[in-house]
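Q: I would like a close look at one part of this model: the place where the ligand sits. Please take me through it step by step.

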Amino acid sequence: MLTGKHVLLIIGGGIAAFKSLDLIRRLRERGAVVTPVLTKAGEAFVTPLSVSALAGTKVYGDLFDLTDEAEMGHIQLSRVADLIVVAPATADLMAKMAQGHANDLASTLLLATDTPVLIAPAMNVRMWQHPATQRNRATLAQDGVTSVGPGEGDMACGEYGPGRMAEPLEIVAAIERHLSTGPLNGKRVLVTSGPTHEPIDPVRYIANRSSGAQGTAIGTALAALGADVVFITGPADVPPPAQAKVVRVTTAEEMRCAVMAALPVDAAIFAAAVADWRLKEASGRKLKKSKEGLPKLDLAENPDILRDVANLSENRPDLVVGFAAETDDVVAHATAKRVRKGCDWIVANDVSEASGVMGGTDNTVTLIDDAGAEDWPTLSKTDVATRLAARIAAALSKA
Ligand code: C5P
C-alpha cells in the first residue's frame, strides 16, 4: 500500500504517456497522492483535463505561471513529494536531467529537488541504444536516479526491441519498493528458482519436477520486506514474483552466468533445482530409434552454482543460503551439505513421494546453520517464505 505517500509524476512527451493515465489510477487505488506535471510535449499525447480528472487535482505545466508560483513555487513542489517519478522519461528528458538543464517546469524541479527520482524510460529502440542515451542513463544512475524498464517488445513506431515503457503495475511495484520502509530496504537479494532444462537434442531434455513455487514465494516475501530482488529462474510452472527483476534462463550454465552477472548482492538464496548433469554434447538433430541399439548419452557434471558463489573470494554475498531436497536422512545429509558447499544456511526438506512437497502447497523444512538444526512445523510454502525472509532480514541487519 502507498497510503499517504506523495508521488510527483512528471509525464513526458511520448506515445507511452497514455499508460501514465493508468499509472495515476493504480497509484491512487493504493492510497497515494499524485501531483501531476505535464510537459509541453506531453500535452501532445494526453490532455491536462484527463490527467487532472484521474489525479483528482490540478496539473502543473508552465514554469512561469505566476498563480502557481504564488500558491506553490516549483522548488516547494519538488520537495513535498516522497518520490518523483518520470514516466515516460523520453530521450530528451533524460538528456536534460543528465546535463542539468532547467528550461521548463519539469527539468527545473528535477534540478531543484533533493527527493529520490525514479524514471521509466520510453523511446524508439535506436534512440534507446544510441551511445548518447546510454551515456545519459549511466550518468543518471551515478547521480542516484533509479530506473524501471524499458521493456522489450513491439513498439508503436513499428520496430521491435528495448524501449517500451514498463507497464503501470511494474512501475507501481518499483515505487512501492522505493517507498517501502521494510527491514530489507536498500538490500539487494538474489534468488534462483525453478528447474533447469538440459538439452539432449532439439526436442528432448533432462529436467526435474520443481514447480518454482517455493522460489517465487521467497522472492515475493523478500520484496515485501523492501528488498530489491533479482530473480533468476529456469522454466518454472509458477510465474515469477511481480516485484522482482526477472532473468529467465534454461540451462544450469546459463543460470550460473546470470547469477555471476547479478553480483554483488547482500544475500543469495539458491532455491533452484539445478540439474546435476547435462549431455557432454547435445545433438543438433533429433535422435532416432535405431536397430543398432539405444543412443549413448554421455553425461557431464553441471557447475555447482551455490558452491561456486559460497566460495568466492571477492563479491561473496554476506549470506548464502542453499536448499537440500532429500528423500532420506534429511538432517544428516543436509548438515554435511552445508559444510561441503561452504554456504551459511541450508533449508532442508523431505521430497520423498510420501511428503507431497514437489508441486504441493506445503513444506516441512529444517533450517541448518552453524549453530545446528531447527525444525519448523509444516507450513504453506508462502509461510515458509515469510519466515525465511524475516530470518534473512535479521541476519543482514547484523552483517
Ligand atoms: O547438491 P544438491 O543439488 O543437493 O544441492 C542443492 C542446493 O545447491 C540448492 O540450493 C541448489 O539450488 C544448489 N545447486 C546449485 N547448482 C547446482 C546444483 C545445486 O546451485 N548445480
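Q: Which atom of the ligand does a polar side-chain atom of Lys-341 lie 2.9 Å from?

A: It is an oxygen atom. In this predicted model, a polar side-chain atom of Lys-341 lies 2.9 Å from an oxygen atom of the ligand. Taken alone, the ligand exposes 450 Å². The protein buries 87% of that area.

Now look at the backbone. Phe-270 places a backbone N or O atom 2.6 Å from an oxygen atom of the ligand. Leu-306 also takes part through its backbone: one of its polar backbone atoms is 2.9 Å from a ligand oxygen.

Next, the surroundings. Phe-270, Leu-306 and Lys-341 are among the residues around the ligand. Ala-272, Val-274 and Asp-276 belong to the surroundings too. So do Pro-303, Asp-304 and Ile-305. Gly-322, Phe-323 and Lys-337 complete the list.

Now step back to the whole protein. It has 14 helices and 21 strands. Its C-alpha atoms fill a box of roughly 80 × 55 × 40 Å along the principal axes. Of its 399 residues, 48% are buried. Take the contacts with a separation of 6 or more: 67% of them join residues 24 or more positions apart.

Last, the surface and the charges. The accessible surface of the protein is about 19,400 Å², and carbon and sulfur atoms own 52% of it. The protein carries 40 positive and 47 negative charges, and the mean positions of the two sets are 5 Å apart.

Terms used. Residues are numbered from 1 along each chain as its sequence is written. This is a predicted model: local features need pLDDT of at least 70, side-chain atom pairs count only at pLDDT 80 or more; totals for chains, interfaces and linings use all residues. Side-chain values use heavy atoms; hydrogens and water are left out. Helices (H or I, at least four residues) and strands (E, at least two) are DSSP runs, numbered from the N terminus. Buried means under 20% relative accessible area, exposed over 50%, partly exposed in between (1.4 Å probe, protein chains only). Contact means heavy atoms within 4.5 Å. Accessible areas come from the Shrake-Rupley method with a 1.4 Å probe; for residues, only the protein chains shown count as cover. Lys and Arg count as positive and Asp and Glu as negative; His and the chain ends are not counted. The place of a charge is taken as NZ of Lys, CZ of Arg, CG of Asp or CD of Glu. A residue is near a molecule or strand if one of its heavy atoms lies within 4 Å of it. A polar contact is a pair of N or O atoms within 3.5 Å; within protein, one must be able to donate a hydrogen and the other to accept it, and residues adjacent in sequence count only if both atoms are side-chain atoms.
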